[in-house]
Amino acid sequence: MTRVDENQQLFDYERCVKASFDAIVPVLKRISALQHEEGFEVQAQAIAREQLGFGLPAEILEDAWVNQLDMRRLFAWCLFETYRRFCDEFFTEAPLGSVEEEQAFHTFIQDCGFHTLDVSPCADGRLAHVIRYVLRLPYRAVRRKSYAGAMFDVDDSIQKWVETEMLRLREGRPNDTDMPTRYLKVAVYHYSSGDPDNQGCAAHGSDATRAAQGGLDQLSAFRQAIENSFCCGASIDLLLIGLDTDTDVIRVHVPDASGDMGLERYLDADEVRKQTLRLSAYEAEARITELVYATADNVAPGMAKLISRLIANNFSQIDYVRAFHGEHYEDIGHAERFIGAGIGFEEVQLRNLTYFAYLDTVEEATQDLDVGVSIFTKLNVSHGLPIPVVVRYDYHGQVPGARERAIKRCARVTDALTARYAKLAESGLLHTLQVVRDCNVGGRIEVLACSVNAQATQEARG
Ligand SMILES: [Zn+2]
């Protein structure tokens, strides 16, 4: 049942993107070794163009003969430039998109009895590929909003629910309100099978049970809130999924007839896979469905159909990890390349590339940010490298003043970040890039400002 061609295509994309980020340090090491040689600037530019595909800012190189080459600034500059190129490619070439798959998926979930799939994984970078890779879903057809420990903001979800139901009522999108479909909220927590005590969820002290309970409590609170706030039998459906970040195997907590889930009542995709390995695709599908029904009493047929699909999809990802990485990923721990703070980041569909901190203001997301900064203190600061933070706000271009508000927000959040982590920022160990994007047009990101350049300007002025 594995989609071999798709696996190769997904792997080529992942390898290519990560290679572009991972080339930065070796190239800078080479350049650093040359900094006091004759013709340094010319040599450095040639190496950067050949290895990274872009040149370096002349003003940073020019000062190398008198000062030490400022490697922290140079590293941040290269990382942000690589990010910008990665975004441009994503939004102009859609390497992971497929319009046909999106349409087929909309039809499929409505057949299952849902009109919206809203997923909140943990903000951990090892879950950033959960939609497109682990669950093999079209990323544009699924709402994703990540939070530390999958502890999603219930109020934000209520707002999205209201917006969704309003669109159905006013415009019949994605379907009419007289269709008996519901909003499905999914929380994805995680654990590590190889090193459970150290490489689990940082927000839950690496305790898989606590992580699962946290997700379940949040889901129940959301359902309660909808039922209490809106009459006429308004309710939503819930699903809890666990992810082993070492192997990408999922476990699905199958809801019973009343939609309730148990922490111990789940179906492990790898167990199911073992039981279906020798079966034909047709028999395997039937067996998966049988196992879903055997996990919980009277699970709703639509929910069973969706879960069966998710498990079958996950088989491809399990094989992906085995084929390209072995028994488990080599980087079972954190290896994110940058922090993404703000709202947006649709382009990040790859594992261990980005630590997410979705936020309107720094104050309300201090936990998510602190977890991110502590992860990057180990990853980067301990090696003398800065923490790169992309501050990003997507906006709807048809709303008057939306772009201006997004720009202001970017500046405000950047100032608050710099103030909260002042020591890091002052020693050049925290760098920020401010970007906005009109998500209605579906175009490229717009770069507003970068701390690397701000510093240069200040130095020039001073
Ligand atoms: Zn986590």
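In the predicted model, helix α2 (residues 24-33) has four named buried positions: I24, V27, L28 and I31. These residues cover an arc of only 95° around the axis, which puts them on the same side of α2. K29 and A33 lie on the other side of α2 and are exposed. The buried residues of α2 pack against three helices, namely α1 (4-22), α3 (40-52) and α5 (71-93).

Further along the chain, six strands form an open sheet. Their order is β2-β1-β3-β4-β5-β6, and the pairing is mixed. The edges are held by β2 (143-144) and β6 (267-268). Each has a single partner strand, so one side of each is left without a neighbour in the sheet. Strand β5 (residues 250-253) runs antiparallel to β6, and two bridges join them. In one of these contacts, R251 has D268 of β6 as its bridge partner. Helix α12 (residues 301-325) lies across five strands: β1 (114-121), β3 (182-191), β4 (237-244), β5 and β6. Helix α12 runs at about 20° to β4.

The model also contains a zinc site. The zinc ion is coordinated by SG of C122, NE2 of H190 and SG of C201, at 2.1 to 2.2 Å. Along the chain, the donors follow the spacing C-x67-H-x10-C. H190 belongs to strand β3, whereas C201 sits in the loop between β3 and α9 (208-229). H190 and C201 are eleven residues apart. Buried means under 20% relative accessible area. H190 has 1% relative accessibility and therefore counts as buried. C201 is buried as well, with a relative accessible area of 3%.

A second group of strands forms another open sheet. Five strands take part, in the order β8-β7-β9-β10-β11, again with mixed pairing. Here β8 (354-358) and β11 (446-450) stand at the edges. Each pairs with a single strand, so one side of each lacks a neighbour in the sheet. Neighbouring strands of this sheet are turned by 25° against each other on average, direction ignored. Strand β10 (residues 430-438) pairs with β11 in the antiparallel sense, over four bridges. Within this pair of strands, L433 stands opposite C450 of β11. Helix α13 (residues 366-379) packs on the sheet. Helix α13 touches β7 (338-343), β8 and β9 (387-395), and its direction makes about 160° with that of β8.

Note on methods:
Residues numbered from 1 in each chain as written. Predicted model: local features only at pLDDT ≥ 70, side-chain atom pairs only at ≥ 80, totals over all residues. Heavy atoms only, no water. Pairing = 2+ DSSP bridges. Contact = heavy atoms within 4.5 Å. Axes fitted to C-alpha atoms, helices over the stretch in contact; angles between N-to-C directions. Donors = N, O, S within 2.8 Å, 3.2 Å for Na, K, Ca; no water. Buried < 20%, exposed > 50% of the residue type's maximum accessible area, 1.4 Å probe, protein only. Arc of directions from axis to C-beta.
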